[in-house]
Amino acid sequence: MRVTALLSFGAGAADFLSSPQPVINPVSANAATDAMIVFLNFMKNSLFQRNLEQEREEEMPEEGGVLAVWGSPSSGKTVVSVKLAEHLAKKKRNVILILADMVTPPLPYLCAPSDIEQERSLGSILAASHVTENLIKKNCMFYRKNDYLSMVGMLKGENVFTYPPYEKEQAAELLQLAAQIAPYVIVDCTSNIASDILSAVALMEADTVLRLAGCDLKSISYLSSQLPLLSDHKWDADKQLKAVSNIRQQEASSHMEQILGSVSFQIPHSSEVEAQFLEGELLGELGLKESRAFRREIEKISREVFGV
C-alpha cells in the first residue's frame, strides 16, 4: 500500500448475506436458539469479522518518527538506511526513504531501474520556493516490489549543480511534511554536514539519530572533527544512538566501544550485503546463513527506534 493510497477490505459480510442460506427448520425453541448461536459463531469467525479487526488495527495510530542515519565515511550509512527501510516495508509499515547524497546519488545501486516506478528527483522538491505535501508526493519514487516503500533522491547523472541551491527552510519543510505523509521516515545522511544542508537539518530535526562508525582510526578522526560542529548548534546528544558498523571477524569492536563510549548496536559485516551493493541490488532480500547476525541487528534497531 503506497503512502498516498487508501486501504480497502473485502465485502465478506455482503457476500454472505446475498448468497442463498440454508433453511433452518427448528423443531423447538431450543433448536432455534442453537441455530442462532451457530450463525453468530460463523459470523464471529468469518472473513467479515477478520476484516473489521484488521480495519481497527489499521486505524490505530502508529508511533513512527524521523530517523537520521549519519556517521563517518564508508561506515555503511546507506546500507543500514536501505535495509532498515526494507525491513519496515516488509512489516507493512509505510516508510519514506530520503537519500540526501547529491554528490553520489545512491539510487543506481539500490535496485534495477525497472523496479522503480515514477523516476522523479529530490532536486525538484528542494528547488521550490516552498515545499508542499503534493510536491513531495509528486516526486516520490515507488518500489515496484513493495508498495509500502517510497523513496526520494537524486537520479543517475544528477549532481548538486543540476538544480538551484536551496536553504535550510526547504530542508526542514521536506522533513516535516514527509512525516505527515508516512509515519516512518528514514534519512540517509551524508558525512559532509558542513556543506550538505539537508543532512545537517536532518540531524537537528530528526526524532532519533543513528550515529555509525567503522572499526578504524579514520572513523575516530572524522567524529573528533565533526562532532564539534554539531555541539555549536545545540545538538540534542540524548537522541543519538551509537553503532559500530561493518564489523569484520578480525576487528575488535570492543576497542571501538571503549573509544566511542556506550554503543547501542554492533552491526557485523555481511558478504551477501557487500555483493548486493556491488551488483546494484541493495534492496534485495538476504537469505544466506552468514547474514543472520546482520539481519538480527537491523531488527534490533527497528525495535529500539520504531518499536516494530
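**Reading helix H9 and a helix crossing**

Author: Leu-229 lies in helix H9, and we are reading it in a predicted model.

Reader: Is Leu-229 buried, exposed or partly exposed?

Author: A residue counts as partly exposed when its relative accessible area falls between 20% and 50%. Leu-229 has a relative accessible area of 34%, and it is therefore partly exposed. It touches Ile-193 and Ala-194, leaving aside residues up to four places away in sequence. Ala-194 is 35 residues from Leu-229 in sequence, while their C-alpha atoms are 7.8 Å apart in space.

Reader: Which residues of H9 are buried?

Author: An α-helix has 3.6 residues a turn, so residues three or four places apart point the same way. In H9, the buried residues are Ser-219, Tyr-222, Leu-223, Gln-226 and Leu-230.

Reader: What span should H9 have, and how far apart are its end C-alpha atoms?

Author: The expected span counts 1.5 Å for each residue after the initial one. H9 has 15 residues, 217-231, so it should span 21 Å, and its end C-alpha atoms lie 22 Å apart, which agrees. There is nevertheless a kink of about 25 degrees at Ser-224, shortly before the proline Pro-228. At the start of H9, a side-chain oxygen of Asp-216 comes to within 3.2 Å of the backbone nitrogen of Lys-218.

Reader: How do the axes of H4 and H12 cross?

Author: Angles of 65 to 115 degrees count as roughly perpendicular. The axes of H4 (residues 77-90) and H12 (residues 292-306) come within 10 Å and cross at roughly 75 degrees, so these helices are roughly perpendicular to each other. Among the residues making the contact are Leu-84 and Leu-88 of H4 and Phe-294 and Ile-298 of H12.

Definitions and conventions. Residues numbered from 1 in each chain as written. Predicted model: local features only at pLDDT ≥ 70, side-chain atom pairs only at ≥ 80, totals over all residues. Heavy atoms only, no water. Helix = DSSP H or I, 4+ residues; strand = E, 2+ residues; numbered from the N terminus. Bend = angle between axes of the 7 residues up to and from the residue. Buried < 20%, exposed > 50% of the residue type's maximum accessible area, 1.4 Å probe, protein only. Polar contact = N/O pair within 3.5 Å; in protein donor to acceptor, adjacent residues only side chain to side chain. Axes fitted to C-alpha atoms, helices over the stretch in contact; angles between N-to-C directions. Parallel < 35°, antiparallel > 145°, perpendicular 65-115°, else oblique. Contact = heavy atoms within 4.5 Å.
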